[in-house]
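The following exercises concern the protein shown below. Each task is followed by a solution that proceeds step by step.

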Amino acid sequence: MFPDKIFFVGYMGSGKTSLGKKIAKKYNFNFYDSDAIIEQQYGKKISEIFRDEGERKFRDLESACFPELLQLQSGIISTGGGFPCADSRMEIMNQHGLTVYLKCTPKFLLSRLLQSSSERPLISGLNAEMLLQKIILDLTIREPYYSQANCIIEADARQPEEIFEAMTKCYLS
């Protein structure tokens with residue numbers, strides 16, 4: 001019914017990993033996470049890479065793992081929030097599968113990210129006002145990339161079944 005690969009893109013906290021895992025389990029897909037692949041290959045947690053070597057190193061590791069993502073077996077692939085924003089990746093992902101943008105409002109993202117900010121190196125230490133401003137700025141920059149997705153799904157507080165139904169309608173139309 002779907003192409004072999006389904007790429008979930010969107011801002012951090014949009015549900016790419018949590019919804020992706022739930023949908024994969026419920027509908028019998030494989031699940032892959034680009035950050036988990038980087039951690040496994042590099043032998044460090046993402047937060048440690050940012051802390052020890054900086055964002056540039058992390059972005060280089062994302063670039064290095066991209067060809068591997070394209071060669072994975074069929075399944076849902078959760079990408080990092082900035083992953084689609086470099087090296088024509090959205091265009092390439094569109095050629096290799098279905099891309100799904102889990103689009104969320106800044107306020108929804110803020111509520112999700114405030115709960116996990118200490119685990120996320122790009123936002124640790126930000127108060128709510130600063131974090132909201134960062135989300136708005138980042139979305140302004142990233143939206144042109146995200147909006148190239150085959151399917152754009154309003155994902156605020158949506159359940160996995162609703163996301164899957166929206167993906168199906170989008171893909172079949």
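**Exercise 1. Describe the overall make-up of the protein.**

Step 1. The protein contains seven helices and five strands; helices (H or I, at least four residues) and strands (E, at least two) are DSSP runs, numbered from the N terminus. This is a predicted model, in which local features need pLDDT of at least 70, side-chain atom pairs count only at pLDDT 80 or more, and totals for chains, interfaces and linings use all residues. Residues are numbered from 1 along each chain as its sequence is written, and side-chain values use heavy atoms, with hydrogens and water left out.

Step 2. Read from the N terminus, the order of elements is β-α-β-α-α-β-α-β-α-α-β-α.

Step 3. The C-alpha trace spans about 45 × 35 × 30 Å along its principal axes. The radius of gyration is 15 Å, which agrees with the value near 16 Å for a compact globule of 173 residues. This radius is taken over C-alpha atoms, and the globule rule is 2.2 Å times the number of residues to the power 0.38.

Step 4. Of the 173 residues, 45% count as buried; buried means under 20% relative accessible area, exposed over 50%, and partly exposed in between (1.4 Å probe, protein chains only).

Step 5. Among contacts with a separation of 6 or more, 73% join residues 24 or more positions apart. Contact means heavy atoms within 4.5 Å.

**Exercise 2. Characterise the packing of α3 with α4.**

Step 1. Two packed helices are described by the angle between their axes and the distance between the axes. Axes are lines fitted to C-alpha atoms, for helices over the stretch in contact, and angles run from 0 to 180 degrees between N-to-C directions.

Step 2. The axes of helix α3 (residues 46-71) and helix α4 (residues 89-96) cross at roughly 15° and come within 11 Å. Helices α3 and α4 are therefore roughly parallel to each other. Angles under 35 degrees count as roughly parallel, over 145 as roughly antiparallel, 65 to 115 as roughly perpendicular and the rest as oblique.

Step 3. The α3 and α4 crossing is left-handed, meaning that the near helix is turned anticlockwise from the far one by less than a right angle; a crossing is right-handed if clockwise.

Step 4. Helix α3 contributes Arg-59, Glu-62, Ser-63, Phe-66 and Leu-70 to the contact, and α4 contributes Arg-89, Ile-92, Met-93 and His-96. By class, this α3 with α4 contact has four nonpolar, two polar and three charged residues. Here Ala, Val, Leu, Ile, Met, Phe, Trp, Tyr, Cys and Pro count as nonpolar, Asp, Glu, Lys and Arg as charged, and the others, Gly among them, as polar.

**Exercise 3. Apply the approach to α5 with α6, and to α1 with α7.**

Step 1. Helix α5 (residues 106-114) packs on helix α6 (residues 128-146) at an angle of about 130°, with the axes 10 Å apart. That angle makes α5 oblique to α6. The crossing of α5 and α6 is right-handed.

Step 2. On the α5 side, the contact is made by Pro-106, Lys-107, Leu-109, Leu-110, Leu-113 and Leu-114, and on the α6 side by Ala-128, Leu-131, Leu-132, Ile-135, Ile-136 and Leu-139. These residues divide into eleven nonpolar, no polar and one charged.

Step 3. For helix α1 (residues 16-27) and helix α7 (residues 160-172), the angle is about 80° and the axes are 9 Å apart. Helices α1 and α7 are therefore roughly perpendicular to each other.

Step 4. Leu-19, Lys-22, Ile-23, Lys-26 and Tyr-27 of α1 meet Pro-160, Glu-161, Ile-163 and Phe-164 of α7. The contact of α1 with α7 has six nonpolar, no polar and three charged residues.

**Exercise 4. Describe the surroundings of Val-9 and Pro-84.**

Step 1. Val-9 belongs to strand β1 (residues 5-9), while Pro-84 is in the loop between β3 (75-78) and α4.

Step 2. Val-9 is buried, with a relative accessible area of 0%. Pro-84 also counts as buried, at 1% relative accessibility.

Step 3. Although 75 residues separate Val-9 and Pro-84 in sequence, their C-alpha atoms are 7.0 Å apart.

Step 4. Beyond neighbours within four places in sequence, the contacts of Pro-84 include Val-9, Met-93 and Tyr-146. Those of Val-9 include Pro-84, Met-93 and Tyr-146.

**Exercise 5. Examine the backbone at Asn-28 and Ala-157.**

Step 1. Most residues other than glycine have a negative phi.

Step 2. Asn-28 has a positive phi, near 60°. Asn-28 lies in the loop between α1 and β2 (31-33) and is exposed, with a relative accessible area of 71%.

Step 3. Ala-157 has a positive phi of about 55°. Ala-157 is in the loop between β5 (151-154) and α7 and is exposed, at 57% relative accessible area.
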